[in-house]
Amino acid sequence: MAAGVLLVGTLAAAGCSGSPVGPVDASELPLKERLAPDGKTVLRVGSVRFYGDPDVIDVPARAVVGMPLDIHVTTYGGGCVRPDTTVGVVDGLRATVVPYQRVVADPNAVCTADLRIERRSVQLTFT
């Protein structure tokens with residue numbers, strides 16, 4: 001049986017077979033998007049697409065049950081957007097990977113206009 005990896009990210013989702021997968025409801029996410037306790041940043045699902053750049057998702061062509069598998073995904077951030085955690089949840093032969101970012105919550109904040117390309121990693125083991 002083939003194992004599948006679902007990537008959840010703003011504007012994109014892809015499976016390891018190369019075929020698109022449907023959107024995931026927010027209630028299915030491992031972490032809920034939320035305001036930080038200090039009220040200064042918001043946790044959100046990361047941006048995995050930047051204008052015309054291709055989505056960069058590295059998933060090995062094969063997965064072996066019981067053996068760790070490294071998944072890499074590129075997210076895009078910048079002045080008011082920083083990487084947070086990347087979560088991987090395995091359910092049998094299906095895995096969901098969600099890269100999160102922290103975004104400054106104050107709409108009047110002054111941020112630099114730099115582009116940060118972040119390679120995110122998570123290790124999964126199919127059961």
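## Salt bridges and polar contacts in a predicted model

Arg49 and Asp55 form a salt bridge in which the closest N and O atoms are 2.9 Å apart; a salt bridge here is a side-chain nitrogen of Lys or Arg within 4 Å of a carboxyl oxygen of Asp or Glu. The model is predicted, so local features need pLDDT of at least 70 and side-chain atom pairs count only at pLDDT 80 or more, while totals for chains, interfaces and linings use all residues. Residues are numbered from 1 along each chain as its sequence is written, and side-chain values use heavy atoms, with hydrogens and water left out.

The structure holds four salt bridges, among them the three tabulated here.

| Basic residue | Acidic residue | Closest N to O |
|---|---|---|
| Arg49 | Asp55 | 2.9 Å |
| Arg119 | Asp58 | 3.1 Å |
| Arg102 | Asp84 | 3.2 Å |

The pairing of Arg119 with Asp58, at 3.1 Å, links distant parts of the chain: Arg119 belongs to strand S8 (residues 115–125) and Asp58 to strand S4 (residues 57–58), 61 residues apart. Strands (E, at least two residues) are DSSP runs, numbered from the N terminus. Asp84 and Arg102 meet in a salt bridge of 3.2 Å; this pair also links distant parts of the chain, with Asp84 in strand S6 (residues 81–91) and Arg102 in strand S7 (residues 94–104), 18 residues apart.

Accessibility is classed by relative accessible area: buried is under 20%, exposed over 50%, and partly exposed in between (1.4 Å probe, protein chains only). Arg119, at 52%, counts as exposed, whereas its partner Asp58 is partly exposed at 33%. Arg49 is partly exposed at 36%, as is Asp55 at 27%. Asp84 is likewise partly exposed, at 34%.

Asp58 also takes part in the surroundings of Asp70: leaving aside neighbours within four places in sequence, Asp70 is in contact (heavy atoms within 4.5 Å) with Asp58, Pro60, Val122 and Gln123. Asp70 lies in strand S5 (residues 68–78) and is partly exposed, with a relative accessible area of 40%. The side chains of Asp70 and Gln123 are joined by a polar contact of 3.1 Å. A polar contact is a pair of N or O atoms within 3.5 Å; within protein, one must be able to donate a hydrogen and the other to accept it, and residues adjacent in sequence count only if both atoms are side-chain atoms. Asp70 and Thr125 are 55 residues apart in sequence and 8.9 Å apart in space, C-alpha to C-alpha.

Ser47 lies in the loop between strand S3 (41–45) and S4. At 15% relative accessibility, Ser47 is buried, and its side chain makes a polar contact of 3.3 Å with that of Arg44.

Notes:
Helix = DSSP H or I, 4+ residues; strand = E, 2+ residues; numbered from the N terminus.
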